[in-house]
Amino acid sequence: MHGWIEAENRGFHHGRPRDVDREYDLSVASERRVHGVYDSTAAHPDVPVATVDGWPTGLSVPGGRSVDAWAVSAVTVSPTHRRRGIARALMEGELANARSAGAAIAMLTVTEATIYGRYGYAPAAKAATVNVDRRRVHWIGPDAPGRVHFVGADELREVAPGIARRAVSRTPGEIDRWPGILDRALGLVDRDGDGARAMRTVRYDDEHGQAQGFAAYRIAREANQPGFVECDFLVAATDDAERALWRFLIEQDFVTGVRARLRSVDEPLPWLLEDPRAVTLSDVVDHLWVRILDPVEALGARRYGSAGTLELEVTDPLRHAAGRFRLAVDDRGRAEVERIEQQDAAPTAPSIALGVQELGAIYLGGVRPSVLGRAARITERRPGAMVVADRMFAAERTPHLSIWF
């Protein structure tokens with residue numbers, strides 16, 4: 001595995017791993033299905049020329065529910081072995097692994113946006129960097145009924161998994177956390193490293209003393225100059241916790257601003273300040289990419305914004321999700337999905353035709369079907385179908401993923 005870790009770090013242009021990083025990577029890899037492609041004629045045949053790993057996990061979907069998914073990560077191909085079909089073999093192999101594991105969806109976060117569409121993936125949830133000008137901050141939101149405490153990272157680590165589970169279930173697009181990511185986020189992997197020593201951790205407890213949120217941040221500053229708050233992890237299981245942690249971060253003294261990465265493009269923060277222009281977004285990116293493998297299971301897992309019936313004619317060059325499907329949603333947003341076996345039968349309900357990429361894009365509610373219709377990516381088979389689709393696929397909360405994986 002040491003050669004595999006070396007190849008993965010090299011593939012993402014990271015430095016050679018230190019012993020502490022290598023041990024962390026080994027612990028994470030032990031819980032995943034890890035693949036490498038090796039060249040016995042290479043100068044270092046024990047170091048793979050391509051890597052990928054994957055694991056089963058839950059993906060939060062609209063309605064506070066979860067669907068069985070397969071996370072794909074660590075996709076690298078050495079520049080010495082490009083254009084040999086290695087990436088395609090790895091990516092199609094991961095789709096096969098996902099199917100074998102019973103996953104309805106495969107998903108990944110991407111560094112390049114032009115690679116994964118050919119395998120049926122599409123951007124389904126965005127993320128952004130939230131920037132706050134401290135000089136313009138004047139809080140007008142409500143006071144939180146609980147309180148924020150400084151706590152040690154080890155102390156926070158005991159309650160962080162439970163908070164994270166509740167927070168993940170609130171937002172479509174979030175995935176189940178694995179133990180290693182919390183250790184990394186809280187600075188527990190390399191306790192004596194500069195990053196860990198600079199990190200501060202806080203916990204929000206509600207009025208009943210129940211831990212409902214936490215944040216990990218650091219303040220970057222030059223000597224005798226105001227600092228800048230850098231927050232990479234803000235986790236809230238309730239709206240009160242979210243507001244209280246934001247207020248704590250943005251009302252710091254002797255700082256000029258706050259930067260929080262991988263936040264939602266639909267943050268409530270501007271509405272909590274007298275001057276909403278104190279908040280700006282940058283680095284808005286398509287962060288989570290989704291690939292539907294089983295439309296019946298995937299569509300049946302989420303809740304919908306409106307009752308109705310819609311037929312979907314899905315094309316999929318790789319054949320995993322191809323077919324016609326009838327989606328019937330009741331007044332409570334619950335769905336029943338069935339495959340229409342007679343493929344050439346005339347539609348009996350509002351109907352749209354779309355590819356598997358487009359189905360993935362609209363699945364979490366982050367993109368309206370009508371937008372893809374305007375882009376000629378979804379075709380309306382019966383008049384009025386796009387209006388029905390927009391209403392049904394609407395989500396009560398903007399999808400968002402707050403981590404890399």
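**Group meeting: sheets, helices and rings in a predicted model**

Let me start with one pair of residues: L354 has I378 as its bridge partner in strand β16. Before going on, note that this is a predicted model.

That pair belongs to a small connection. Strand β15, residues 351–355, is joined to β16 by 3 bridges, and the two strands run antiparallel. As a reminder, strands of a sheet pair through backbone hydrogen bonds, either parallel or antiparallel.

Now the sheet around that pair. What is the order of the strands in this open sheet? The order is β14-β13-β12-β15-β16, so 5 strands in total, with mixed pairing. At the edges stand β14, residues 335–340, and β16, residues 378–380. Each of these two has a single partner strand, so one side of each has no neighbour in the sheet. From one strand to the next, the twist averages 25 degrees.

Two helices go with this sheet. Helix α9, residues 356–363, packs on the sheet and touches β12, β15 and β16. The direction of α9 makes about 110 degrees with that of β15. Helix α11, residues 385–393, lies across β12, β13, β15 and β16. Relative to β12, helix α11 runs at about 100 degrees.

Next, strand β5, residues 122–133. Why is β5 described as largely enclosed by the rest of the structure? Because 10 of its 12 residues are buried. On the pairing of β5, 9 bridges join this strand to β11, residues 279–292, and the two run antiparallel. One example is A125, whose bridge partner in β11 is L288. Strand β5 is also joined to β10, residues 255–263, by 5 bridges, again antiparallel. There, N131 has R259 as its bridge partner in β10.

R259 comes up again with E230. This glutamate is in strand β9, residues 227–236. Leaving out residues up to four places away in sequence, E230 touches Y217, R218, R259 and R261. Is E230 buried or exposed? Its relative accessibility is 9%, so E230 counts as buried.

On to the aromatic rings. How many aromatic pairs does the structure hold? There are 7. Take W55 and W178: their ring centres are 5.4 Å apart and their planes stand at 75 degrees, so this pair is edge-to-face. W55 is in strand β2, residues 50–61, while W178 is in the loop between α4 and α5, so the pair ties together parts 123 residues apart in sequence. Both residues are out of the way: W55 is buried at 7% relative accessible area, and W178 counts as buried at 12%. With F405 added, W55 and W178 form one aromatic cluster.

Rings also meet charges here. R184 lies over the face of Y24, at 4.2 Å from the ring centre. Likewise, the charged end of R302 sits over the ring of Y304, 4.3 Å from its centre.

Y24 has one more contact to mention. Its backbone oxygen lies 2.6 Å from a polar atom of the side chain of S27. S27 is in helix α2, residues 19–29. With 36% relative accessibility, S27 counts as partly exposed. Finally, a longer distance: the C-alpha atoms of S27 and Q225 are separated by 40 Å, and the two residues are 198 residues apart along the chain.

That is the end of my part.

Notes: Residues numbered from 1 in each chain as written. Predicted model: local features only at pLDDT ≥ 70, side-chain atom pairs only at ≥ 80, totals over all residues. Heavy atoms only, no water. Helix = DSSP H or I, 4+ residues; strand = E, 2+ residues; numbered from the N terminus. Buried < 20%, exposed > 50% of the residue type's maximum accessible area, 1.4 Å probe, protein only. Polar contact = N/O pair within 3.5 Å; in protein donor to acceptor, adjacent residues only side chain to side chain. Contact = heavy atoms within 4.5 Å. Pairing = 2+ DSSP bridges. Phe/Tyr/Trp six-rings, centres within 6.5 Å; stacked < 30°, edge-to-face > 60°. Lys NZ or Arg CZ within 6 Å of the ring centre and 35° of its normal. Axes fitted to C-alpha atoms, helices over the stretch in contact; angles between N-to-C directions.
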